[in-house]
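Work through these short exercises with the sequence and the model side by side. Try each task before you read its solution.

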Amino acid sequence: MPNKRSSRKKVQKFFCPYCERRLWRLNSQKYRLFYKEVSELKEHLNFSHKKASLLVSQLGSFVDRNSWIEDFFCEEHGQMWLRISKKNEEKLDSVLATREDWKYTTGTIDPSSNNPSVSEYSYYMSRGCSIHKLQHNN
């Protein structure tokens, strides 16, 4: 059993786009990207018009199994969301997730903006602010 632990070497490491330190996965859910319109399939997946039209007419929406958004942590810059794309069987490419990317996920809210269903009071309390600070801001 000479190559018993060889699979550990294949785990790809991700690095912070700002400081180049190693990023750590936070074991969050992978938010898959999906597209509903022909123009989206052509733009994001480089499908031909014919192929994109066929997929949209048959499926209604197309889930991209090679791209997802995942949560990472940098020791210097904190939490960040990256869009991971599988280029081939061994190589993963990562870029910072944009607001546009969040529009193509299911049932998610862009984490960089406040949740509209949460009151201002609840938002401040979840951040550890006291009621005293909240009253002085008004």
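**Exercise 1.** Decide whether R83 is buried or exposed.

Solution. Take the relative accessible area of R83, which is 14%. Compare it with the cut-offs: buried means under 20% relative accessible area, exposed over 50%, and partly exposed in between (1.4 Å probe, protein chains only). R83 therefore counts as buried.

Before going on, note that this is a predicted model: local features need pLDDT of at least 70, side-chain atom pairs count only at pLDDT 80 or more, and totals for chains, interfaces and linings use all residues. Residues are numbered from 1 along each chain as its sequence is written, and side-chain values use heavy atoms, with hydrogens and water left out.

**Exercise 2.** Find the salt-bridge partner of R83 and say where the two residues sit.

Solution. Start with the rule: a salt bridge is a side-chain nitrogen of Lys or Arg within 4 Å of a carboxyl oxygen of Asp or Glu. R83 pairs with D101, and their closest N and O atoms are 2.9 Å apart. Next, place them: D101 is in helix α3 (residues 99–103) and R83 in strand β5 (residues 78–86). Helices (H or I, at least four residues) and strands (E, at least two) are DSSP runs, numbered from the N terminus. The pair links distant parts of the chain, 18 residues apart. Last, check the cover on D101: at 6% relative accessibility, D101 is buried.

**Exercise 3.** Find the salt bridge between E100 and K103, and give its place and exposure.

Solution. The closest N and O atoms of E100 and K103 are 3.7 Å apart. Both residues lie in helix α3, three residues apart, about one turn of the helix. E100 has 35% relative accessibility, so it is partly exposed. K103 reaches 60%, so it is exposed.

**Exercise 4.** Which residue forms a salt bridge with R25, and how many salt bridges does the structure hold?

Solution. R25 pairs with E70, at 2.7 Å between the closest N and O atoms. R25 is in strand β2 and E70 in strand β4 (residues 62–74), 45 residues apart, so this pair too links distant parts of the chain. R25 is partly exposed at 36%, whereas E70 is buried at 3%. The structure holds four salt bridges.

**Exercise 5.** Place L26 in the chain and judge its exposure.

Solution. L26 belongs to the loop between β2 (22–25) and β3 (31–35). Its relative accessible area is 38%, which makes L26 partly exposed.
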